[in-house]
Every structure is written in structure tokens, then in C-alpha cells.
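Visitor: I am new to this structure and should like to know how the words used to describe it are justified. May I put some questions to you?

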Amino acid sequence: MAMTGGRDMDAEMAAKLLEWQVEMGADEAILDMPLDRLSPAPAAPSPTQAEQTPPPPADRPPALQSPSAPQPPAEAPMAPAVAEQARRAAECTTLEGIFAALDAMKEFPLRRTATHTVHTDGHPQARVMLIGEAPGRDEDRQGKPFVGRSGQLLDRMLEAIGLDRKAEDPQRAVLISNVIFWRPPGNRKPTEAEAAHCLPWLVRTIEIVQPEIIVCLGATPAQRLTGRTQGILKLRGNWLEYELGERRIPLLPTLHPAYLLRQPVQKRLAWRDFLSLKLRLATLERS
Ligand code: URA
């Protein structure tokens with residue numbers, strides 16, 4: 001039996017409350033210590049501190065945050081570390097090689113807190129490569145990208161235009177990956193340093209797969225791969241290019257499925273983007 005607000009709570013009520021929290025999106029207990037809600041409240045942050053607090057991620061389901069929710073590590077100077085990642089990534093010649101190198105990266109903080117490394121799912125010779133932001137809870141548990149609720153929506157959207165991550169025929173297949181290969185604790189937004197660390201590995205993945213088309217799910221992959229800074233509502237639906245050496249790969253930013261789950265009315269925009277993708281695939285096939 002537990003006590004809340006002076007009222008006795010039986011096991012059934014406690015289970016119902018827990019169920020409700022799960023339905024609301026809480027997916028883990030992220031407090032290390034019990035929180036004393038009766039102690040005096042800490043002073044409100046100064047305006048400067050408040051300004052520095054990042055806004056909640058626009059396109060990923062927010063976990064319930066708390067004062068002691070995992071915070072991103074302080075940013076360190078990046079350039080040499082990123083160059084080292086690029087050097088190591090360049091040594092890999094297969095997707096399996098990239099996965100093994102990432103999975104062995106025990107020194108990287110995100111690798112240590114994650115259950116699984118989440119690299120790619122789908123067909124390695126697919127025409128279309130889809131790229132999201134970072135694994136969530138379900139992806140971390142299963143070791144595959146987009147297997148939770150947003151992944152199920154993504155699968156239905158792909159099916160509607162004749163694509164399928166399980167297809168054996170590369171014409172109908174897709175390959176799915178993310179900018180970040182480990183779940184950020186508490187589903188927080190990845191830091192600049194984490195994204196910079198992972199990017200050479202994503203670029204190497206693209207070099208190996210050589211997709212005909214890249215689809216970016218949400219702002220993070222679209223901005224990382226194109227250098228654009230606009231939000232996803234501005235970028236989406238506009239065909240851009242990803243420069244891969246001499247090649248220019250057509251790149252389509254679209255809305256992240258997690259955002260669509262929260263804003264179903266925006267599905268019509270995503271539908272337009274997926275029809276544009278279908279048309280582009282047909283055009284490329286004929287040329
Ligand atoms: N959201 C992402 O951006 N990637 C996943 O793999 C799952 C959810």
C-alpha cells in the first residue's frame with residue numbers, strides 16, 4: 001500500500017495510476033532518488049538560465065522530465081574527436097563492419113547507457129534510405145530503428161506507396177537508420193557533440209548503401225545532412241540534395257511520424273510528401 005496526499009491507495013489504484021502514466025507517455029522512472037515534494041521549492045531560474053533550457057524536442061515523444069532527469073553532458077571541443085570518428089568509419093566497408101565498430105564503442109557515454117546499438121533495418125541495397133533522429137525506448141530494447149508506435153505508423157505510410165522494409169526486392173525495399181545510434185537517456189534531444197560524433201558513421205553508411213533517394217524524418221536529419229537551419233515545417237516537401245562526393249542524392253525532408261501521432265491533422269502534409277516520393281521513384285526508374 002502506498003500513501004499519496006494523505007490518502008491510502010490500494011494496489012489496484014496504484015496499478016491504474018501507473019497504467020495512466022504509461023498511456024501519457026512515461027516510459028521509465030528516471031529519478032535516482034526519491035523526490036521530497038514537501039521540502040521548500042528551489043529558487044526559480046534566472047531569465048538567463050531559463051533561456052538556456054532547450055525546448056522539448058519537436059518530433060520525439062517527450063519522456064516525463066524531472067528536476068534530476070538525465071542532463072546532456074557538458075560539450076567538449078569536438079573537431080579532433082570527430083575527425084577520429086571519420087577516420088575509423090572510413091575503415092569500414094560493410095554495414096556489418098559499421099555496426100560492429102559502433103557496438104564496440106564502450107567509451108562513448110550514450111553507448112554505455114543504451115541497451116542496444118541501433119544502426120539500420122531493411123535492405124542494404126534499397127533505393128530509398130530513411131533517416132530519423134535517435135532510437136527511443138522500443139528501439140533500444142529491440143536493437144532496430146523505428147519499431148515503436150512511430151515506426152508502425154511509418155510502416156503503414158510506406159506500405160501506402162508500395163514500399164516495405166521487409167521486402168526482398170530492392171525496388172520495393174527501404175533501409176532505415178538514424179542520426180544517433182543509441183537512445184539518449186530519458187529520450188532527451190541529442191546534444192551537438194553526440195550528433196557530431198555519430199554523423200561520420202551515418203555518412204559512411206550512406207556511402208556504402210548508395211541510395212537513390214534519402215528521406216529525412218524530422219528536422220534533425222534534414223538539418224544535419226543539408227546544413228539548412230529552417231524548421232521542418234519550412235523544409236518538408238522540398239526536394240534538396242545530399243552531396244556525396246561527385247554524386248548529388250535527392251533528399252526529401254518530411255514530418256517525423258512521432259510528430260504525426262501527436263498532430264494527426266498534419267498527416268495530410270506527410271501524405272503529400274510520400275506521394276512526391278512515389279512520383280520521384282517512378283521518374284528515376286524511367287530515366
Ligand atoms: N524516432 C526516431 O527518430 N528514430 C527511431 O528509431 C525511433 C523513433
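**Reading the model**

Guide: Of the 287 residues of the protein chain, 43% count as buried. The model is a predicted one. The protein chain contains twelve helices and eight strands, and it exposes about 16000 Å², of which carbon and sulfur atoms supply 56%.

Visitor: Why is Ser177 called buried?

Guide: Buried means under 20% relative accessible area. Ser177 has 0% relative accessibility, so it counts as buried. This residue lies in strand 5 (residues 174-178). Not counting residues up to four places away in sequence, Ser177 touches His119, Thr120, Met129, Leu130, Ile131, Gly132, Pro145, Phe146 and Leu202.

Visitor: What makes Arg204 a buried residue?

Guide: The cut-off for buried is under 20%. Arg204 has a relative accessible area of 18%, and therefore it is buried. Arg204 is found in helix 8. Leaving out residues up to four places away in sequence, it touches Ala89, Ala90, Cys92, Thr93 and Ile98.

Visitor: Which residues of the largest nonpolar core touch the most other members?

Guide: They are Leu130, Trp182, Leu202, Ile206, Ile214, Leu225 and Leu277, in a core of 62 residues. Helix 8 (residues 192-209) gives the largest share of this core, with seven residues. In soluble globular proteins, nonpolar side chains tend to be buried together.

Visitor: With which residues is Ile214 in contact, leaving aside its neighbours within four places in sequence?

Guide: Ile214 is in contact with Met129, Ile131, Ile206, Leu225, Tyr242, Ile249, Pro250, Leu251 and Leu252.

Visitor: How do you know that the buried residues of helix 4 are on the same side?

Guide: In helix 4 (residues 95-103), the residues Leu95, Ile98 and Leu102 are buried. They cover an arc of only 60° around the axis, and therefore they lie on the same side of helix 4. An α-helix has 3.6 residues a turn, so residues three or four places apart point the same way. The cover over the buried residues of helix 4 includes helix 5 (109-113), strand 5 and helix 8.

Visitor: What is noted about the phi of Asn187?

Guide: The phi of Asn187 is near 60°, which is a positive value in a residue other than glycine. Most residues other than glycine have a negative phi. Asn187 lies in the loop between strand 5 and helix 8. With 5% relative accessibility, set against a limit of under 20%, Asn187 counts as buried.

Visitor: Why is Gln210 called partly exposed?

Guide: Partly exposed covers the range between buried, under 20%, and exposed, over 50%. Gln210 has 38% relative accessibility, so it counts as partly exposed. Its place is in the loop between helix 8 and strand 6 (213-217). Gln210 also has a positive phi, of about 50°, although it is not a glycine.

Visitor: Which residues surround the ligand?

Guide: The ligand is surrounded by Gly132, Glu133, Ala134, Pro135, Glu139, Pro145, Phe146, Ser150, Asn178 and His256.

Visitor: What makes a pair of atoms a polar contact?

Guide: The pair must be N or O atoms within 3.5 Å. A backbone N or O atom of Ala134 lies 3.0 Å from a nitrogen atom of the ligand, and a polar side-chain atom of Asn178 lies 2.8 Å from a nitrogen atom of the ligand. A polar side-chain atom of His256 lies 2.8 Å from an oxygen atom of the ligand. Taken alone, the ligand exposes 240 Å², and the protein buries 96% of that.

Visitor: Is Lys144 buried, partly exposed or exposed?

Guide: With 38% relative accessibility, Lys144 falls between the two cut-offs, under 20% and over 50%, and so it counts as partly exposed. Lys144 is placed in the loop between helix 6 (137-142) and helix 7 (149-160). Not counting residues up to four places away in sequence, Lys144 touches Val118, Asp121 and Glu139. The C-alpha atoms of Lys144 and His116 are separated by 8.6 Å, and these residues are 28 residues apart along the chain.

Visitor: Why does Asp138 count as partly exposed?

Guide: Asp138 has a relative accessible area of 24%, which is not under 20% and not over 50%, and therefore it is partly exposed. Asp138 lies in helix 6. Residues up to four places away in sequence aside, it touches Val147, Gly148 and Arg149.

Terms used
Residues are numbered from 1 along each chain as its sequence is written. This is a predicted model: local features need pLDDT of at least 70, side-chain atom pairs count only at pLDDT 80 or more; totals for chains, interfaces and linings use all residues. Side-chain values use heavy atoms; hydrogens and water are left out. A nonpolar core is a set of buried Ala, Val, Leu, Ile, Met, Phe, Trp, Tyr and Cys residues joined through side-chain atoms within 4.5 Å. Buried means under 20% relative accessible area, exposed over 50%, partly exposed in between (1.4 Å probe, protein chains only). Helices (H or I, at least four residues) and strands (E, at least two) are DSSP runs, numbered from the N terminus. Contact means heavy atoms within 4.5 Å. Accessible areas come from the Shrake-Rupley method with a 1.4 Å probe; for residues, only the protein chains shown count as cover. The arc is that of the directions from the helix axis to the C-beta atoms. A residue is near a molecule or strand if one of its heavy atoms lies within 4 Å of it. A polar contact is a pair of N or O atoms within 3.5 Å; within protein, one must be able to donate a hydrogen and the other to accept it, and residues adjacent in sequence count only if both atoms are side-chain atoms.
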